[in-house]
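User: Please take a close look at one part of this model, the contact between the two chains, and set it against the build of each chain. A connected account is preferred to a list.

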Amino acid sequence: MTENMTYSQMLAELQGIVDAVSRDDCPVDDLEEKVQRAGLLIKTLRARLKKTEKSVSQMLTEIDS
Amino acid sequence: MQTDLTVLELNQSVKSSLQSSFPAPMWIRGVITGLRRVSGRGHTYFQLADPAAAGEQSPAVVDCALFAGDRSRISLETGRKGKLFDLVNEIEVRILVSVSFWDRSGRFQLLMKGFDADFAGDSAAIHLQRLIKQLSQEGILEENGTLPLSQLPLNIGLVTSKGSAAERDFVKTLEESGYPFRVHAAWALMQGSETANSVCSAFNKLMTHRGDSLDAVVLTRGGGSTTDLSWFNNEGIARTIAQLPWPVISGIGHEIDTTLPDYAAHTRAKTPTHAASILVDRVARFDDSVSTLSQILVSKISPLIQIENLKLTNLTGNLTLYLASLPSRKAEVLQKLASKLNLAVVGKLHHIETRISESERQIEMRDPSKMLKLGWSVVRDENGNPLRSANLISEGQMVKITMNHGSLTALVKGKTGEKSD
């Protein structure tokens, strides 16, 4: 569920998952679920970045002209 | 001895002598004083005096009468010439008179029979001066001059004669200036006995129809004889001008002419063209000052605009750089997080695997079969309970011994080295 989330929100959640996974007390049972969620977030964030990069590139072309 | 005369005889003799000496009417000039009109009959009585030096009495005075019939005739004749007939105190006039002597009262009197309307020099000047003095004392002449004249007088009321040269000259001068003047004319008679009423009526018409929308009003006519212009020396016009809400520019006659409106108005113009020029010059001055201000403004603002342009260019450059590197920087952060996640997960799994291996190793180490292979045995009682101490075993007791490759049932025959932990 990432449709209504901002880039910052998704990044914060991803950071939270990384922190949680890095801790010693992270239950192994949750690991798979967390990693799957992290994978979804990374995929969505990369897509957003791609889209933003395209928009920025177009905007820079307009500024130059 | 000469016979005594009666008074009447004397008077009749004087009258006869006078009639002989002055058989026909004659022209006489003098200053009118003591003017009074007897209501009812319509006769007018006054004295005619030789002009007096300042502060002195007149050297000679004579009683005069103007009978109603003569007055009507003279007024008509003068009016036909387009001239003004008006007897006013302190005015010098040239009048046609016949000498009269009343034998019963012995009264000497001049009977006015004619009026020289073209003789207006000194009399008009005296009349004007008298009006100026009187109206000035009342503050009438200063009233209109206190009104502010707009810096940009473009809405102009015009009181003049329709189709006159004055109208043409005035409008032409305004039009040639190229400024967007709007002229609202109120036509009036500019000569004759109805001049004052017509002019006042025109002013009132502008008041009614234009109200506050005018910036100034011009009262103007071209040049004319002194008598023609003297129609404007009317206190009604001056009083009306004093009550107007707009500045009045008076341009009546030529440069040498002066009429009462010139004193009552805000500004005096020499001619109709000059009246228009005053307005054009004022608008031009405003135009110049605005142009100058605009130039100053531009000269002040231009450098500021250049500076702001530079700032904008710099900001655009910075933004371009920032935006250009933004996706890669964000991607880098994301990549780091992904790597960290990968490391954390892999580390976690490795840690878990290590623990499992360790557990496995420990479990393996504790496997009893491995101990038995090494030569160790497990002794249990008859019930299968492990006996971990010799103290728990008695002589004669049956025990079960488990060893590598099998078990033994044994009887304890004795024991040694019993000791506690």
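Analyst: The contact draws on 26 residues of chain A and 19 residues of chain B. The model is a predicted one, and what follows is computed from its atoms. Between chain A and chain B about 1900 Å² is buried, and carbon and sulfur atoms give 81% of that area. On the chain A side, the residues that lose the most area to chain B are A:Val18, A:Leu49 and A:Leu60, which together make up 23% of what that side buries.

Chain A itself has 65 residues, of which 29% count as buried. Its secondary structure consists of two helices and zero strands. The radius of gyration of chain A is 16 Å, well over the 11 Å given by the globule rule for 65 residues, so chain A is more spread out than a compact globule. Along the principal axes, the C-alpha atoms of chain A fill a box of roughly 55 × 20 × 15 Å. Of the contacts in chain A between residues at least 6 apart in sequence, 74% join residues at least 24 apart.

The surface of chain A can be described in similar terms. Chain A exposes about 4500 Å², with carbon and sulfur atoms supplying 51% of it. Its side chains include 9 positive and 12 negative ones, and the centres of these two sets lie 8 Å apart.

On the other side of the contact, chain B has 11 helices and 13 strands. Of its 421 residues, 36% count as buried. The radius of gyration of chain B is 65 Å, where a compact globule of 421 residues would have a value near 22 Å. The C-alpha trace of chain B spans about 230 × 45 × 35 Å along its principal axes. One pair of residues gives a distance within this trace: the C-alpha atoms of B:Gln191 and B:Pro368 are separated by 150 Å, with their positions 177 residues apart along the chain. Among contacts in chain B with a separation of 6 or more, residues 24 or more positions apart account for 62%.

The accessible surface of chain B comes to about 25200 Å², and 54% of it belongs to carbon and sulfur atoms. Chain B carries 46 positive and 44 negative side chains, and the centres of the two sets are 11 Å apart.

Two residues of chain B can be followed in detail. B:Gln191 sits in the loop between strand E7 (182-187) and helix H6 (195-210). Its relative accessible area is 43%, so B:Gln191 is classed as partly exposed, the range between under 20% for buried and over 50% for exposed. Beyond its neighbours within four places in sequence, B:Gln191 is in contact with B:Arg221, B:Asp228 and B:Trp231.

B:Arg71 belongs to helix H2 (residues 68-80) of chain B. With a relative accessible area of 17%, B:Arg71 is buried, because that class covers values under 20%. Not counting residues up to four places away in sequence, B:Arg71 touches B:Arg37, B:Gly42, B:Thr44, B:Leu66, B:Phe85 and B:Leu87.

To return to the request, the contact between the chains buries about 1900 Å², and it takes 26 residues from chain A and 19 residues from chain B.

Key
Residues are numbered from 1 along each chain as its sequence is written. Chains are lettered from A and ligands numbered from 1 in the order in which they are written. This is a predicted model: local features need pLDDT of at least 70, side-chain atom pairs count only at pLDDT 80 or more; totals for chains, interfaces and linings use all residues. Side-chain values use heavy atoms; hydrogens and water are left out. Helices (H or I, at least four residues) and strands (E, at least two) are DSSP runs, numbered from the N terminus. The radius of gyration is taken over C-alpha atoms; the globule rule is 2.2 Å times the number of residues to the power 0.38. Buried means under 20% relative accessible area, exposed over 50%, partly exposed in between (1.4 Å probe, protein chains only). Contact means heavy atoms within 4.5 Å. Accessible areas come from the Shrake-Rupley method with a 1.4 Å probe; for residues, only the protein chains shown count as cover. Lys and Arg count as positive and Asp and Glu as negative; His and the chain ends are not counted. The place of a charge is taken as NZ of Lys, CZ of Arg, CG of Asp or CD of Glu. Buried area is the accessible area (1.4 Å probe) that two parts lose on being put together, summed over both.
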